Amino acid sequence: MMRPVSCLPLIPCLSLASTAWAQNGTKDLTQLLQSNHNLSEFTALLTSYGDIYANLSFQSDVTILAPNNDAFHKIPYSSLGPAFEANQSQIVRSVLQYHILSGRHPAGGYNGTFSFDKSWLQHTNYTNVTGGQVVGGVQQAGNVNVFTSGMGTRSTLVTPVRCAPHLPSSPSSVKATLTLRMQDLPFTGGIVHVIDNFLIPPQDFIHSAPQFNLTAAGGAAENASLADHMNNHKDLTIFVPQNLAFQALGGTLQSMPLSQLRRILDYHIVNSSTVKYSASLPNGTVLRTRGGQNLTITFASNSLFVNQARMLQQDLLISNGVMHVIDNFLDPDATSVTANPEIRTAPPLLKGTSLSENLVPFTSFLPTSVTSFDTGTATPTDGFGASDIGKGTSAFSRTTSSRRASGTSNSKEKSAGGKLEMQQATMAMQGGLLGALCWIIGLL
């Protein structure tokens, strides 16, 4: 009688042979994720949303921005923490979709000018941008790729990692160190970039404004009954005066009739069929505002101006478009005024009385739920929208597993995820056995 042969000692060999075998051709997504242990948390999250995972298997041209395990450890201390802790599966789903970009976007394809690439986040509860919410991408000094998302969040493309191979013995052809790629990782459906921080889906204007110290603009929009339009109108571009501009005219702005305040604010809002990111604002661009008057864009002295106002911050993403921060108010009765790049800050066109530098007008009109991005008492249901991403029933006190984060997925999600995990394990075993056979045959 033949004794059964134990396979346990062969497991390291099977794993190594499987990896070597898979590298001879382009891996599918399952094989790629399995071969990158720094993506184990992301793999668990992705496979728990079986429909998204299955859909990726049929793609041929996508880019996945995959947060590494360290990024998952940061979740408790980010605005996503409450949603993950409260098992708000629909929000977690939207976050996952936001990390998948349509088209291939190799790291070398980015340059010093921001590009804004469409993501798979298209559900109207979370975004109102034609073609899907965007992720900003730019290459900074030293060939460092940075991705920007909601609330000004920055995620950096992880640089290649050099490490020593963990082998008991190795042929002389194996070098002392290995370089692990973290960008442009190919799979049959596209490429994967490993990033160090989660992308955060943009929130609406009223929730975003306080995060950029634009509390006066947010409160003024509420006071002038413009908040609903600025939160929900599709493909919006807003030129937002900084708080200092409101303070310079605060006494007058607070005392003027609401119809006049609304007319001034309307001149800062552009309704269009496309969002006007800074890269789409060349010198001489003319934009039609909500109030019906025109704005003119000027590029001079390496700065962008809208009429006479200088842009201080550009491309701050919101759920339904973008906002650009400007240093001064625009005057609907002075549409032909031009920029003077020689002046750091042009004097206000609107005349009025100022407030003390410690007083910011209109802030009392902001809803209390938006004074801080991480506050709120939302109920963990599926009826959430863009303004709920930073809310939850409790705050994190410890690291949360990605499996736990999606614990309230519906039965179809769980079933699909379970089947795919079984398929994943089966494929790994098949790949390992075949790789081992090839390895053994090569020794004969």
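Here is a walk through the cavities and some of the salt bridges of this structure, which is a predicted model.

Let's start with the empty space inside. There are two cavities of 30 Å³ or more. The largest has a volume of about 70 Å³, and its wall is built from Phe-205, Ala-217, Met-230, Ile-238, Phe-239, Val-240, Pro-241, Phe-246, Leu-265, His-268 and Ile-269. If you want one element to look at here, pick strand E11 (residues 236–241), which gives the largest share of that lining with four residues. As for chemistry, the lining splits into 10 nonpolar residues, one polar and no charged.

Now move to the second largest cavity, with a volume of about 30 Å³. Around this one sit Phe-42, Leu-45, Phe-84, Val-92, Val-95, Leu-96, His-99 and Phe-198. Two helices, H3 (40–48) and H7 (89–98), each put at least two residues into the wall, and H7 gives the most, with three. The make-up is seven nonpolar residues, one polar and no charged.

Helix H3 deserves a second look. Seven of its nine residues are buried, so the helix is largely enclosed by the rest of the structure. Those buried residues are Phe-42, Thr-43, Ala-44, Leu-45, Leu-46, Thr-47 and Ser-48.

Helix H7 leads us on to the salt bridges, of which the structure holds four. In one of them, the side chains of Arg-93 and Asp-51 meet at 2.9 Å, N to O. Arg-93 belongs to helix H7 and Asp-51 to helix H4 (residues 50–56), so to speak two distant parts of the chain, 42 residues apart. Arg-93 is buried, at 11% relative accessible area, while Asp-51 is partly exposed at 41%.Helix H13 (residues 258–266) is where the next pair is anchored: Asp-333 and Arg-263 join their side chains in a salt bridge of 2.7 Å, N to O. Asp-333 sits in the loop between strand E17 (321–326) and helix H14 (402–405) and Arg-263 in helix H13, so the pair ties together parts that are 70 residues apart in sequence. Asp-333 is exposed, with a relative accessible area of 59%, and Arg-263 is partly exposed at 37%.

Another salt bridge brings together the side chains of Arg-290 and Asp-266, again at 2.7 Å, N to O. This pair also links distant parts of the chain: Asp-266 is in helix H13 and Arg-290 in the loop between strand E13 (286–288) and strand E14 (294–300), 24 residues apart. Arg-290 counts as partly exposed at 33% relative accessibility, whereas Asp-266 is buried at 11%.

How values were computed
Residues are numbered from 1 along each chain as its sequence is written. This is a predicted model: local features need pLDDT of at least 70, side-chain atom pairs count only at pLDDT 80 or more; totals for chains, interfaces and linings use all residues. Side-chain values use heavy atoms; hydrogens and water are left out. On a 1 Å grid over the protein atoms alone, a cavity is a set of points where a 1.4 Å probe fits but cannot get out, and a pocket is an open set with protein on both sides within 12 Å along at least five of seven lines; lining residues have an atom within 4 Å of a point. Grid points are joined across faces, edges and corners, and a volume is the space filled by probe spheres set on the points. Ala, Val, Leu, Ile, Met, Phe, Trp, Tyr, Cys and Pro count as nonpolar, Asp, Glu, Lys and Arg as charged, and the others, Gly among them, as polar. Buried means under 20% relative accessible area, exposed over 50%, partly exposed in between (1.4 Å probe, protein chains only).
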